[in-house]
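Trainee: Could you take me closely through one part of this model, namely its aromatic rings, and explain how they are arranged?

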Amino acid sequence: MTQSTPIAVTAIAGDGIGPEVMAATKRILAAGCARIAWEDAEAGAAVFRRGIATGAPRETLDSIARTGIALKGPLETPVGFGEKSANVTLRKYFEMYGNIRPVRELPGIVTPYSGRGIDMVIVRENVEDLYAGIEHMQTNAVAQCLKLISEPGCERIVRLAFGLAVAEGRKSLACATKANIMKMTEGMLKRVFERVAPDFPDIAASHLIIDNCAHQLVIAPEQFDVIVTTNMNGDIISDLAAGLVGGLGVAPSANLGDQVAMFEAVHGSAPQIAGKDLANPTALLLSAVMMLRHVGDFDAAEKIEQAVLVTLEEGRNLTGDIARRGQGVGTGAYTDQVIANLGRQSSRASRHYSRLQVPHWEAATWHHEPATRELAGIDVFLESADSAEAVGAGMLAAVTGSPFRLAGISNRGAQVWPATGGRSFLVDHFRARFLLETPIAGDGAAEIADLLGRLGGWRWMHLEKLQRFDGVDGFAKGQGES
Ligand code: NAP
């Protein structure tokens, strides 16, 4: 299907080589009959220099909100101008929760994996996990980063991944987590995946541990069709997988939310080669091909993708980074070559794509109130340079006569009181776990206030309620705790 009315798209050329690869991409899209009404907008280094700390001015946000689709060049985060990455700002502002990274062997790009038929898509959760950026120094020497994973966040990324598998006619979806260690956070993605999988009976669903996934990606990458994973895991394995097929320079990506989709090359602004007619526009161009499929212009997408594949297959007039025998041409000449190849068919069979529906959740439905909620205890995180025995004795004395009992003390997760005989290295950060003999209904505010009052001169910096939801413990057992 070819688009009859032009689709409005916000174009952010970006920094460094961004303007060159954007100009090349726009030229090829126009020659390939993609009907697009571009709205040019600004973000990145120049915006930071004007003192806009987000790197994305209001007009740019308004343009993306209006068009719902953006094609974006790389953005620098200049040190000393702004503290937040403009890329992260855009992803978070528009809640683009799904990062889609196709990883496919490209003709003429020779790697140790050439000929193995690698053709997969990595679907990475894009806004939660450790990347929520909630960090605190707990003591002067111990830092903490909160890993936040939500059930609706898992459900929408899992449904997006299954939806993508269906839209691309793929056969299997693997969920990769570290659920064996982080049973609540990483385990949530696994549980949601297993709950949702029966809704997609035509897609073979499986789970594997993320470290095994990394291993399998290196040993037998051709086994994967679609992989869904949490933010940090996805960050790492998607770069690893890009490396299998020629590196970041040719890797496209999409950031999808239910209102906005933004397409961008994976590479950065490559400032060393900026303005020299050396940049390879393939990654942004393939990102634009993803964009065309997203808006339903499958004909233009196919025509442009085939022209790129023919160009790579024939190996004539390639940019220096991918040219064989080092005989590279400039961005402009490569662009001309792709345009000359429009209408030609590569030797590679085309995949049948259909339109991907991005799952939508109303914010109001996201709260799930349990039927019962009880307080089972409290974890108190303390700063102390004392020995484990001294901290244990202090905590025991503090709770004598209170409804709490001291269940144990750990140091970076390893039990140090009661002593186990283990040889833990101690830092000045202890967790004392206090349990109530009988869990109490409600939030236990009075009991907690009483306990904190008893801690007197002990320096605590963090409290965590140990809650039971519908009779199930909402906290991990400490190491060595029964
Ligand atoms: P980079 O810009 O990707 O560049 C690393 C090297 O890769 C370049 O020096 C160049 O190698 C090669 N390269 C990358 N893209 C290329 C292309 N299209 N054509 C030809 N060669 C290409 O990575 P970086 O140097 O780490 O990052 C530079 C800036 O980009 C930083 O400010 C970073 O924050 C930003 N960045 C932005 C994004 C984004 O907006 N999504 C992503 C990553 C990085 P040679 O020098 O060997 O030619």
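**Aromatic rings in the model**

Mentor: F94 is buried, because its relative accessibility is 11% and the cut-off for buried is under 20%. Its partner in this predicted model is Y93, and the two rings form an edge-to-face pair, with 4.8 Å from centre to centre and 80 degrees between the planes. Y93, for its part, counts as partly exposed, since its relative accessibility is 42%, a value in between the limits of 20% and 50%.

A second pair is formed by F162 and F200, whose ring centres lie 4.7 Å apart and whose planes meet at 5 degrees, so this pair is stacked, given that planes under 30 degrees apart count as stacked. The pair links distant parts of the chain, as F162 belongs to helix 5 (residues 151-167) while F200 lies in the loop between helix 6 (185-196) and strand 9 (204-209), the two residues being 38 residues apart. F162 is buried, with a relative accessible area of 0%, and F200 also counts as buried, at 18% relative accessibility. These two residues are joined by F193 in one aromatic cluster.

In total, the model has three aromatic pairs, among them Y93 with F94 and F162 with F200. A further contact of an aromatic ring involves a charge: the charged end of R293 sits over the ring of Y353, at 3.8 Å from the ring centre.

Note on methods: Residues numbered from 1 in each chain as written. Predicted model: local features only at pLDDT ≥ 70, side-chain atom pairs only at ≥ 80, totals over all residues. Heavy atoms only, no water. Phe/Tyr/Trp six-rings, centres within 6.5 Å; stacked < 30°, edge-to-face > 60°. Buried < 20%, exposed > 50% of the residue type's maximum accessible area, 1.4 Å probe, protein only. Helix = DSSP H or I, 4+ residues; strand = E, 2+ residues; numbered from the N terminus. Lys NZ or Arg CZ within 6 Å of the ring centre and 35° of its normal.
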